[in-house]
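Reader: I want to learn how to read a structure feature by feature. Can you take me through one?

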Amino acid sequence: MAYAQNFIAVLFISFTFVSTSFSQSILGNSPQLLDLFAINRLFRHRKIPNDDALYCDSWRFTVETNNAGLWSIIPERCISFVQDYTTGDRYSSDSAAVADLSLAFANTVKVSNDGMDAWVFDIDETLLSNLPYYVEHGFGSQIFDEIAFDKWVNEANAPAIPASLKLYKELQQRGFTIFLLTGRSEYQRNNTEKNMVHAGYSNWERLILRGPSDKGKLATQYKSEKRKELEDEGYMIRGNSGDQWSDLTGFAVAQRSFKLPNPMYYIA
């Protein structure tokens, strides 16, 4: 029942793009306007053949809505598309839109004074951006290299996602208790905490990482179990933010869950 009641907030950017184009057509299709649109499309996708741009935008849509299911690497023809998306204004705009919707929901919650109103955050591609790592590893076009990624984690240099950092602080000001629930392992605790503080985050209630008993569990199971433990402690999980569906679904789900964009990788 809790799963059925949970509303997964996903930003359908492809639909927004189509809607915007339709609205523009209502204003009139003068030759000058059509020329302007053609020039805009040319420069926005100058590195990508037009058919690839359309294909990759639709592919990203299926990824974000989880219609793509299990996948391992991005299509080779979409490398430039994902690069342009993740390093451009659109990713920042999408992330900000999710944060705005998250805060709008948070403002409807009557937060008690007992500290039991919780908000759960994933870390990677939710609070911290690993884009500097993926710039050097094909933007998700290469098979995941755990050793190389762990080395990156140990550097503790991942920057904050600006919209998420702002949301994090706004939620704290409103009295929510913050839990960090990550798929990182316990041996990475010190470097994870160091990175979080360096990126501007502070005063979370608990950082939850995979311990020995969590090894081999799918992320959906592992994170569901950890949320259930919070519920058993008496916390009401009002919100949950993550870039993977496995951050949000399963059991012991939040009252509202919010999916951030991530076309670079998938975690079951």
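Author: What follows goes from the whole chain to helices, a pocket, one residue and some backbone angles. Keep in mind that this is a predicted model.

Reader: Start with the overall make-up. How many helices and strands does the chain have?

Author: The chain has 12 helices and six strands. It runs to 268 residues, and 47% of them count as buried. Next, look at contacts between residues at least 6 apart in sequence: 73% of these join residues at least 24 apart.

Reader: Now a helix. How do I check the span of α9?

Author: Use the rise of 1.5 Å a residue, counted over one less than the number of residues. Helix α9 covers residues 162-173, which is 12 residues, so it should span 16 Å. Its end C-alpha atoms lie 17 Å apart, in agreement.

Reader: And what about α6, residues 89-106?

Author: Do the check again. α6 has 18 residues and reaches 25 Å from first C-alpha to last. The expected value is 26 Å, so the two are close.

Reader: Which residues of these helices are buried?

Author: In α6 they are R90, Y91, D94, S95, V98, A99, S102, L103, F105 and A106. In α9 they are A163, S164, L165, L167, Y168, E170 and L171.

Reader: What covers the buried residues of α9?

Author: The cover includes helix α6. It also includes α10 (189-199) and the strands β2, β3 and β5 (236-242).

Reader: On to pockets. What is the general idea?

Author: A probe the size of a water molecule is rolled over the atoms, and this shows where empty space is left. Here the largest pocket holds about 960 Å³ of space.

Reader: Which residues lie nearest the centre of the largest pocket?

Author: F144, F149, G183, Y265 and I267. They belong to a lining of 38 residues. By class, that lining divides into 17 nonpolar, 10 polar and 11 charged.

Reader: Which elements supply at least two residues of the lining?

Author: Helices α7 (131-135), α8 (146-155), α11 (219-232) and α12 (245-248) each do. So does strand β3 (177-185).

Reader: Let me try a single residue. Where is D124?

Author: D124 sits in the loop between β2 (117-121) and α7.

Reader: Is D124 buried or exposed?

Author: Buried, because its relative accessibility is 11% and the cut-off is under 20%.

Reader: What polar contacts does the D124 side chain make?

Author: One is with the side chain of N130, at 3.0 Å. Another joins D124 to the side chain of R184, at 2.6 Å. Leaving out residues up to four places away in sequence, D124 touches N130, F149, T182, R184, D243 and Y265.

Reader: Last topic: phi. What should I expect?

Author: Most residues other than glycine have a negative phi. Look for the exceptions.

Reader: Which phi does N203 take, and where is N203?

Author: N203 has a positive phi of about 60 degrees, although it is not a glycine. It lies in the loop between α10 and β4 (206-210). N203 counts as exposed, because its relative accessibility is 67%.

Reader: And A252?

Author: A252 is not a glycine either, and its phi is positive, about 55 degrees. The loop between α12 and β6 (256-259) holds A252. At 9% relative accessibility, A252 counts as buried.

Reader: What phi does G175 take?

Author: A positive one, about 95 degrees, just after α9.

Note on methods: Residues numbered from 1 in each chain as written. Predicted model: local features only at pLDDT ≥ 70, side-chain atom pairs only at ≥ 80, totals over all residues. Heavy atoms only, no water. Helix = DSSP H or I, 4+ residues; strand = E, 2+ residues; numbered from the N terminus. Buried < 20%, exposed > 50% of the residue type's maximum accessible area, 1.4 Å probe, protein only. 1 Å grid on protein atoms, 1.4 Å probe; cavity = no way out; pocket = protein on both sides within 12 Å on 5 of 7 lines; lining within 4 Å. Points joined across faces, edges and corners; volume = space filled by probe spheres on them. Nonpolar A, V, L, I, M, F, W, Y, C, P; charged D, E, K, R; others polar. Polar contact = N/O pair within 3.5 Å; in protein donor to acceptor, adjacent residues only side chain to side chain. Contact = heavy atoms within 4.5 Å.
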